[in-house]
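Me: I am in my first year and would like to look closely at one part of this structure. Could you take me slowly through one helix and the sheet beside it?

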Amino acid sequence: MTKFWGIGVGPGDSDLLTLKAVQTIRQLDVLYTPQAHRGATSVAETIAKPYLPADLTIKRRHFPMGGDWAIRAHQWQTIAAEIVADVKAGQEVGFLTLGDPSIYSTYSYIVDLLHTQIDVVTIAGISAYSQIAASISTPLVLDDELLEIVPATAPLEKIETAIDQNDNVVIMKVATRFTDVYNLLAQRDLLAQATVVTNASMADERIKTMADYHPTDKLPYFTTLILKHTTRGNPQHENLKH
């Protein structure tokens with residue numbers, strides 16, 4: 001019986017796809033990928049490109065990321081119906097998603113519409129923050145420490161609470177709320193303890209501390225922040241790549 005496969009492609013480096021992800025991609029008949037702006041190839045498709053079979057049918061579809069919820073839901077339903085038709089026609093169908101499919105991914109909304117109609121298999125991927133911790137040889141958590149993962153798009157009071165109540169905090173998409181997050185950390189004298197990574201694992205990866213920036217700086221979309229309150233396992237920031 002054919003299936004629908006949700007495939008996490010990791011943070012950016014094509015070498016960071018799991019063997020399971022690569023093996024799955026190579027057995028697909030149809031692959032759904034996000035449609036990039038102005039017709040360009042999406043980041044997820046670019047990451048997976050070395051492993052895409054020459055005869056693979058690629059369906060690039062627009063996935064709204066913001067705005068009216070009803071419009072977004074309608075598009076998800078339209079794409080889900082197309083996926084169901086492909087699988088029921090006997091094709092192995094895949095969907096690419098950045099990082100891990102279970103972490104802030106549009107894939108999760110699609111899957112909710114598919115479970116009762118077709119078989120679904122999700123292939124885990126390396127998250128951006130896991131790769132960042134590895135690249136600076138720093139543990140995300142130790143012993144009884146707490147870790148919270150929040151999107152910068154969350155209400156500011158939730159971000160503030162996460163910073164105040166956890167030993168370690170990951171703030172995803174920090175570029176969308178950079179000035180606010182900067183100010184929260186500055187007020188707590190935590191700028192030097194926050195590692196900011198842009199384009200993790202990609203050729204143009206940039207690693208700095210929050211103290212290296214000005215609050216009005218504009219950062220690329222794929223920027224993640226890791227805050228460590230404690231000094232245990234904290235990176236030697238003077239050695240960070242610029």
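Reply: Let us begin with Arg72, which touches Pro64, Met65, Gly66 and Gly67 when residues up to four places away in sequence are not counted. Please keep in mind throughout that this is a predicted model. Arg72 is found in helix H3, which covers residues 69-88, and although Arg72 is buried, it has no salt bridge. The nearest side chain of opposite charge belongs to Asp68, and that side chain is 8.5 Å away, whereas a salt bridge would need a side-chain nitrogen of Lys or Arg within 4 Å of a carboxyl oxygen of Asp or Glu.

Asp86 lies in helix H3 as well, and with a relative accessibility of 9% it counts as buried, because buried means under 20% relative accessible area. Setting aside residues up to four places away in sequence, Asp86 touches Val30, Tyr32, Lys59, Gln91 and Val93.

Now turn to the sheet. Five strands form an open sheet, and if you follow them across it you meet them in the order E3-E2-E4-E1-E5, with parallel pairing. At the edges are strand E3 (57-61) and strand E5 (120-123), each of which pairs on one side only. Neighbouring strands of this sheet are turned against each other by 20 degrees on average, if direction is ignored. Helix H3 packs on the sheet, where it touches E1, strand E2 (30-34), E3 and E4, and the direction of H3 makes about 165 degrees with that of E2.

Within the sheet, strand E1 (residues 4-8) and E4 pair in the parallel sense over five bridges. In general, the strands of a sheet pair through backbone hydrogen bonds, and the pairing can be either parallel or antiparallel. One residue to look at here is Phe95, which is the bridge partner in E4 of Gly6.

Phe95 lies in strand E4, which spans residues 93-97, and it counts as buried because its relative accessibility is 2%. Leaving aside neighbours within four places in sequence, Phe95 is in contact with Phe4, Trp5, Gly6, Ile7, Leu31, Tyr32, Phe63 and Tyr107. As you trace these contacts, you may notice Tyr32, which is in contact with Phe95 and is also touched by Asp86. Finally, compare positions along the chain with positions in space: Phe95 and Ile58 are 37 residues apart along the chain, and their C-alpha atoms are separated by 9.8 Å.

Methods. Residues are numbered from 1 along each chain as its sequence is written. This is a predicted model: local features need pLDDT of at least 70, side-chain atom pairs count only at pLDDT 80 or more; totals for chains, interfaces and linings use all residues. Side-chain values use heavy atoms; hydrogens and water are left out. Helices (H or I, at least four residues) and strands (E, at least two) are DSSP runs, numbered from the N terminus. Buried means under 20% relative accessible area, exposed over 50%, partly exposed in between (1.4 Å probe, protein chains only). Lys and Arg count as positive and Asp and Glu as negative; His and the chain ends are not counted. Contact means heavy atoms within 4.5 Å. Two strands pair if DSSP finds at least two bridges between them. Axes are lines fitted to C-alpha atoms, for helices over the stretch in contact, and angles run from 0 to 180 degrees between N-to-C directions.
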